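Please open the model in your viewer and keep the selection panel at hand. The stops below go from one region to the next, each with something to select and a note on what is there.

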Amino acid sequence: MRINWMEEVLKRKEDLIRDTQEFLRIKSVLDEANATKEAPLGQGVYEALQYLLHRGEEEGFTAKNLDGLAGHLEFGQGKELIGILCHVDVVPPGDGWTSDPFSAEIRDGKIYARGAIDDKGPTMAAFYAMKIVKELGLPLNKRVRMIIGTDEESNWRCVDHYFKHEEMPTMGFAPDADFPIIYAEKGIADFDLCQKPVSTNEAGEIQLQSFQSGRRYNMVPDFAEAVLLLKNGQSEEIKQRFEQFLHMNNLNGQALVSDGTVTLQLEGVSAHGMEPNNGKNAGLLLASFLAHVPLEQNAQAFIRFINDYFVGDSRGRALGVAYSDEITGDLTINVGILSYRQETGGKLGLNLRYPVTNDIAKTKKTVEQICEKNGFTLENFSDSKPHHVDQNHILIKTLQRVYEEQTGERASLISIGGGTYARSLDAGVAFGPLFPGRPDVAHQKDEYIIIEDLLKATAIYAQAIYELAK
C-alpha cells in the first residue's frame with residue numbers, strides 16, 4: 001500500500017497550525033512556587049499536559065495522566081510498544097523578544113514562541129502523525145504510545161516517575177533534536193561548587209555585596225549583575241573602568257552609582273549549555289572584569305577561582321578533565337549559575353557533558369581535588385549516563401529508510417552533547433525536528449519553527465510510526 005504522507009499532512013495543515021499555536025500559548029515554564037498536588041510542577045506545565053491529553057481523547061487515543069508529572073496517549077494493538085517521547089515544559093523565555101514569547105505569532109512562514117522548536121512544535125507534529133496513521137485505519141501489529149514529559153528542561157522527574165509505573169517501550173524516538181538521526185548522546189552531570197568562606201576580611205578593600213548570573217545549569221547566562229560597596233571617590237573610577245571594559249570587548253552593560261555602591265550590569269548571549277562557545281557567558285565576562293578590582297579576601301578568592309578555571313575554557317583543560325572520543329567529541333563545561341553573597345560566600349552551578357567513553361568517576365575525583373586545593377566543595381552531583389544505540393539496530397535502519405524516502409537525502413548518523421528523552425529508552429534515538437542547515441534557535445530569544453519544516457516533520461513521523469508499528 002503506497003501512501004503519500006505529505007498529502008495527508010497537507011489535508012490537515014490548517015488544523016495542525018492552529019493546534020500548534022494554541023499549544024504554544026500555554027506558559028508551561030516550571031513554577032514550583034505555585035505547585036499543588038494536582039499540578040506538582042506548576043499550573044502552566046499542568047495545563048499543557050492536560051491540553052495534550054484532552055486533544056488525544058478527542059482523537060480517540062487512550063489517555064492517561066500519571067499524577068500531573070507525566071502522561072501518555074496510545075492506540076493500536078499488540079504486545080510490543082513503540083514509544084514517542086515528547087515534553088511540554090519549556091525554559092524561561094528570557095528577554096529581548098520581538099513579539100510576546102507566548103503569542104505564537106506567525107511571521108515570514110515561521111511560528112515564533114518559546115517551545116516552538118523545543119519541544120512543543122515537534123510534539124504537535126508527532127501528535128498529528130499518530131492522528132494520521134489512526135485515521136487511515138492502517139493495520140498495526142504493535143501499540144504506539146506518545147509518552148508526555150513535564151520536567152525535561154530541569155530534573156527529569158517526569159520520566160523517573162513514569163517508568164516506575166509504566167512499561168518500557170520496545171524501541172522508539174524523541175522528536176527533540178536534529179534530523180537525520182542522533183544515535184549517541186553525551187553523559188550529563190550537574191553539580192555545584194560551593195565556596196568555604198574564610199572569616200577574615202581585610203577592612204578597607206572593596207566589598208562585593210552580591211554577584212548573580214544565570215538561572216539554569218543548561219543555559220549560558222545572558223545577564224550578570226554585581227553590587228560593589230566602595231569608599232568615597234572610588235565609584236566614578238570603577239564606573240569608568242567598567243565602561244572602558246565594555247567598549248573594548250564590544251559588550252553591552254552599564255554601571256549605576258548610588259550611595260557608596262556601584263551596580264555593574266553586563267549582557268551576554270544565551271545559548272544551550274551543550275555548546276557554551278555558541279553563547280557569551282555574562283557571568284564569566286563580569287568575573288573577568290572583577291579580577292582586576294581589589295576585592296576583599298573571600299570575594300577575591302571566588303573571582304580568582306572562576307578566572308583560573310573557567311574563563312575562556314569550556315573544555316575543562318584548566319581543571320585537568322579535558323577528554324574527547326570519536327563517537328561524541330569533546331567534554332564540555334557550562335557555568336550556568338554564578339552567585340556570591342557577602343554573608344554566605346560563592347557558588348557555581350556547572351553543567352558538564354562528557355563523551356560516551358569518558359570515565360565520569362575519574363572526572364569527578366579530579367574536580368574534587370581542584371576544589372579542595374581552592375577552598376571549595378563539590379555538592380549536589382547528579383549524573384545522566386551517556387546513551388548509544390548500535391547503528392545496525394532495526395530502529396535505526398527503519399528510520400534511515402523513512403528519512404531518505406521522505407527527503408531524498410542521506411540519513412547519516414550523528415552524536416550530540418545535548419540530552420534528549422531518547423536516553424530514557426533502552427533502545428531510543430532522537431529524530432528531528434531540526435533539518436540540516438537550519439539554525440538551532442532552541443533556548444534563544446525569538447525561538448521559532450518554520451511551518452514548512454513542521455509539515456515535513458509530521459510526514460516523516462507519520463511514515464516512521466507506521467513502519468515501526470506495522
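Begin with strand 23 (433–434) and strand 24 (448–450), each of which supplies at least two residues of the lining of the largest cavity; strands (E, at least two residues) and helices (H or I, at least four) are DSSP runs, numbered from the N terminus. Before going further, note that this is a predicted model, in which local features need pLDDT of at least 70 and side-chain atom pairs count only at pLDDT 80 or more, while totals for chains, interfaces and linings use all residues. Residues are numbered from 1 along each chain as its sequence is written, and side-chain values use heavy atoms, with hydrogens and water left out.

Now select the full lining of that cavity: Ile-117, Pro-433, Leu-434, Arg-438, Pro-439, Val-441, Tyr-448, Ile-449, Ile-450 and Asp-453. On a 1 Å grid over the protein atoms alone, a cavity is a set of points where a 1.4 Å probe fits but cannot get out, whereas a pocket is an open set with protein on both sides within 12 Å along at least five of seven lines, and lining residues have an atom within 4 Å of a point. The largest share of this lining, 3 residues, comes from strand 24. By class the lining has 8 nonpolar, no polar and 2 charged residues, where Ala, Val, Leu, Ile, Met, Phe, Trp, Tyr, Cys and Pro count as nonpolar, Asp, Glu, Lys and Arg as charged, and the others, Gly among them, as polar. The space inside is about 60 Å³, a volume being the space filled by probe spheres set on the points, with grid points joined across faces, edges and corners. A search of the whole structure finds 1 cavity of 30 Å³ or more.

Move next to the largest pocket, which holds about 970 Å³ of space. Of the 40 residues that line this pocket, select the closest to its centre, namely Glu-152, Ser-154, Trp-156, Ile-188 and Asn-218. Its lining comprises 13 nonpolar, 13 polar and 14 charged residues, and the elements that each supply at least two of them include helix 5 (157–165), strand 10 (187–195), strand 18 (345–354) and strand 19 (376–384).

For the sheet, select 8 strands in the order 13-14-12-11-17-18-10-19, which form an open sheet with antiparallel pairing; two strands pair if DSSP finds at least two bridges between them. Strand 13 (252–258) and strand 19 stand at the edges, each with a single partner strand, so one side of each is left without a neighbour in the sheet. Within the sheet, strand 11 (residues 207–213) and strand 12 (residues 223–229) pair in the antiparallel sense over 6 bridges, and the bridge partner of Gln-207 in strand 12 is Leu-229.

Then add helix 9 (residues 360–374), which lies across strand 10, strand 18 and strand 19 and runs at about 160 degrees to strand 19; axes are lines fitted to C-alpha atoms, for helices over the stretch in contact, and angles run from 0 to 180 degrees between N-to-C directions. Thr-363 has its place in this helix. Is Thr-363 buried or exposed? Thr-363 is buried, with a relative accessible area of 7%, where buried means under 20%, exposed over 50% and partly exposed in between (1.4 Å probe, protein chains only). Leaving aside neighbours within four places in sequence, Thr-363 is in contact (heavy atoms within 4.5 Å) with Val-321, Leu-331, Leu-352 and Asn-358.
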